[in-house]
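Let's take a walk through a structure together. Keep the sequence and the 3D view open as you read, and try to answer each question before you move on.

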2 protein chains.
Amino acid sequence: MTTSQSAAKQKVSAKRDDVLRAATATFLEVGYGRTSMDQIAAKAGVSKATVYSHFGSKEALFEAIIRELVHALVQPLAMAPTGETPETTLTAFARRYVALLLAPSSLALHRLLVAEATRNPDLAVASYRTGGERAVGELADYLTQECAKGTIAVADPKLAAEQLFGMLTGHWQVRALMRVEGAPPREALDRYIADAVGAFLRAHAPGATRRA
Amino acid sequence: MTTSQSAAKQKVSAKRDDVLRAATATFLEVGYGRTSMDQIAAKAGVSKATVYSHFGSKEALFEAIIRELVHALVQPLAMAPTGETPETTLTAFARRYVALLLAPSSLALHRLLVAEATRNPDLAVASYRTGGERAVGELADYLTQECAKGTIAVADPKLAAEQLFGMLTGHWQVRALMRVEGAPPREALDRYIADAVGAFLRAHAPGATRRA
DNA sequence: GTCTATAAAAGGATAGAC
DNA sequence: GTCTATCCTTTTATAGAC
């Protein structure tokens, strides 16, 4: 690709990007049904026909945006395996996970996916595969490694990973999704996370008594 | 109230009930935005004007339905304090809780609340107060009692209750809300619940070593 | 590629007869 | 209380000029 072509493409994409930005913001803010193509066009500073020329329909525009958002959002969750203790590693991972999950943009995306899951199941499923499922897999892999080292005792790593995630979010996620309260103060969150990680490690300590 | 008045009221309420049933089914199935008053009227077998005569607006109809649904749904969660062991009591409670949460009607209601939380925050908050918050409170009260007896060791009952709820639902709820998969088979669910309750009891055993 | 103007349809809500 | 008929607004999508 020559420089002129690249420049041309950049220029061509200028209004397209404006549309994408405007549509993303509006969809996240008020949802699919309450977002009109007129609003998007006005916010982007273009005509409605331009919107339709770049994206064939409202649904196609929506799908493109969701896939991009999910992809971008799940990136920071990669698990960096260090030589630290499980408590240190899990706490660091938990903080990233919770911060990600409770971020306003994540919550808005989550609301959108849940709201449109009935109308567009494929999109919701694909989003969960590249989002939640991947996070569980990463944590499960780490638990398997530590289990082999003998630092923790986990019978079913995937199940244990889901349980830890569940404890970490607790009802914060539900409350946030339903707008019951805003983001919790950082110190409350840290205490919450420390409690969950602590409970998890006690439950899966190598020498823990089997009660089940 | 005399018999004739009661009969009259019943007769009067006949079409009103038809509207309520039709509206409830449609809202739960396709959401607020995609439900039209025409659909409701047609499904109920009445004219649109009749719908408006009983409920002043689409929004008022929606609110009445949601509040009724939440109220009815949270009823079975009352905690019956027995003389059983914590494991038995918690397992029984957990089964009721999970069955309730994963029921199709609950999931549809949850989707609706999350989807409309931005447009109607008050409704979502009120629903959480009489739903999730009450469940947490019941479990926390039970944990406090058992803690006094010395059967378990819990520093913060409300926090522990939320963590157990989180473990119980894990990612099942997310998957179900996003329609990633249907209801899990009963035996898988029972195993999932047993694991969560087991982990909880190990983490909060009276003599457990403090690691945090 | 981008705009203006418009088609075509659907939705919330109400007036007035019975 | 209930119905028919209608108003008015909004919305998706496109035709045609530049």
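On the other side of α2(B), are B:Ala42 and B:Lys43 buried or exposed? Before you look, remember that this is a predicted model. The answer is that B:Ala42 and B:Lys43 are exposed there.

So what is on the opposite side? In α2(B), you'll find B:Met37, B:Ile40, B:Ala41 and B:Ala44 buried. They span an arc of only 95° around the axis, which puts them on the same side of α2(B). Here's a handy bit of background: an α-helix has 3.6 residues a turn, so residues three or four places apart point the same way. Just after α2(B) comes B:Gly45, with a positive phi near 75°.

Now hop over to helix α4 of chain B, residues 58–74. This helix has 17 residues, and from its first C-alpha to its last it reaches 25 Å, close to the 24 Å expected at 1.5 Å a residue. Which of its residues are buried? They are B:Lys58, B:Leu61, B:Phe62, B:Ile65, B:Ile66, B:Val70 and B:Val74. Look down the axis of α4(B) and you'll see its buried residues fall within an arc of 165°, so they line one face of the helix.

One of those buried residues, B:Lys58, also turns up among the contacts of a residue in a loop. That residue is B:Thr35, in the loop between α1 and α2 of chain B. How much of B:Thr35 is accessible? Its relative accessible area is 1%, so B:Thr35 counts as buried. If you skip its neighbours within four places in sequence, B:Thr35 is in contact with B:Thr26, B:Phe27, B:Val30, B:Ile40 and B:Lys58. You've met B:Ile40 already, as one of the buried residues of α2(B).

Next up is the DNA. Start with strand D, which is surrounded by 16 residues. The closest are A:Lys48, A:Tyr52, A:Lys58, B:Thr50 and B:His54, so to speak a list with both chains in it. Of the atoms of DNA strand D that come within 4 Å of the protein, sugar and phosphate account for 55%. Zoom in on the phosphates of strand D and three side chains stand out. In A:Lys58, a side-chain N or O atom is 2.8 Å from a phosphate oxygen of DNA strand D. For B:Thr50, a polar side-chain atom lies 2.4 Å from a phosphate oxygen of this strand. With B:His54, an N or O atom of the side chain is 2.7 Å from a phosphate oxygen of DNA strand D.

Which elements supply at least two residues each to the surface near DNA strand D? They are α2 (37–44) and α3 (48–54) of chain A, together with α1 (3–30) and α3 (48–54) of chain B. Sort the residues of that surface by type and you get six nonpolar, six polar and four charged.

Strand C has 15 residues around it, and A:Thr50, B:Met37, B:Lys48, B:Tyr52 and B:Lys58 come nearest. Here sugar and phosphate make up 60% of the strand's atoms that come within 4 Å of the protein. Check the phosphates again: the side chain of A:Thr50 has an N or O atom 2.4 Å from a phosphate oxygen of DNA strand C. A polar side-chain atom of A:His54 is 2.8 Å from a phosphate oxygen of that strand, and for A:Lys15 the value is 3.4 Å. The elements giving two or more residues to this surface are α1 (3–30) and α3 of chain A, along with α3 of chain B. By type, the surface near DNA strand C divides into six nonpolar, six polar and three charged residues.

Let's go back to A:Tyr52, one of the closest residues to strand D. Where does A:Tyr52 have its place? In helix α3 of chain A. With a relative accessible area of 39%, A:Tyr52 is partly exposed. Leaving out neighbours within four places in sequence, A:Tyr52 is in contact with A:Met37 and A:Ser57. A:Tyr97 is 45 residues away along the chain, and the C-alpha atoms of A:Tyr52 and A:Tyr97 are separated by 37 Å.

Last stop: a backbone detail. A:Arg179 is not a glycine, yet its phi is positive, about 60°. Look for A:Arg179 in the loop between α10 (172–177) and α11 (186–203) of chain A, where it is partly exposed at a relative accessible area of 37%. In chain B, B:Arg179 has a positive phi of about 60° too, although it is not a glycine. B:Arg179 is in the loop between α10 (172–177) and α11 (186–203) of chain B, and at 37% relative accessibility it counts as partly exposed.

Terms used. Residues numbered from 1 in each chain as written. Chains lettered and ligands numbered in written order. Predicted model: local features only at pLDDT ≥ 70, side-chain atom pairs only at ≥ 80, totals over all residues. Heavy atoms only, no water. Near = heavy atom within 4 Å. Polar contact = N/O pair within 3.5 Å; in protein donor to acceptor, adjacent residues only side chain to side chain. Helix = DSSP H or I, 4+ residues; strand = E, 2+ residues; numbered from the N terminus. Nonpolar A, V, L, I, M, F, W, Y, C, P; charged D, E, K, R; others polar. Expected span 1.5 Å × (residues − 1). Buried < 20%, exposed > 50% of the residue type's maximum accessible area, 1.4 Å probe, protein only. Arc of directions from axis to C-beta. Contact = heavy atoms within 4.5 Å.
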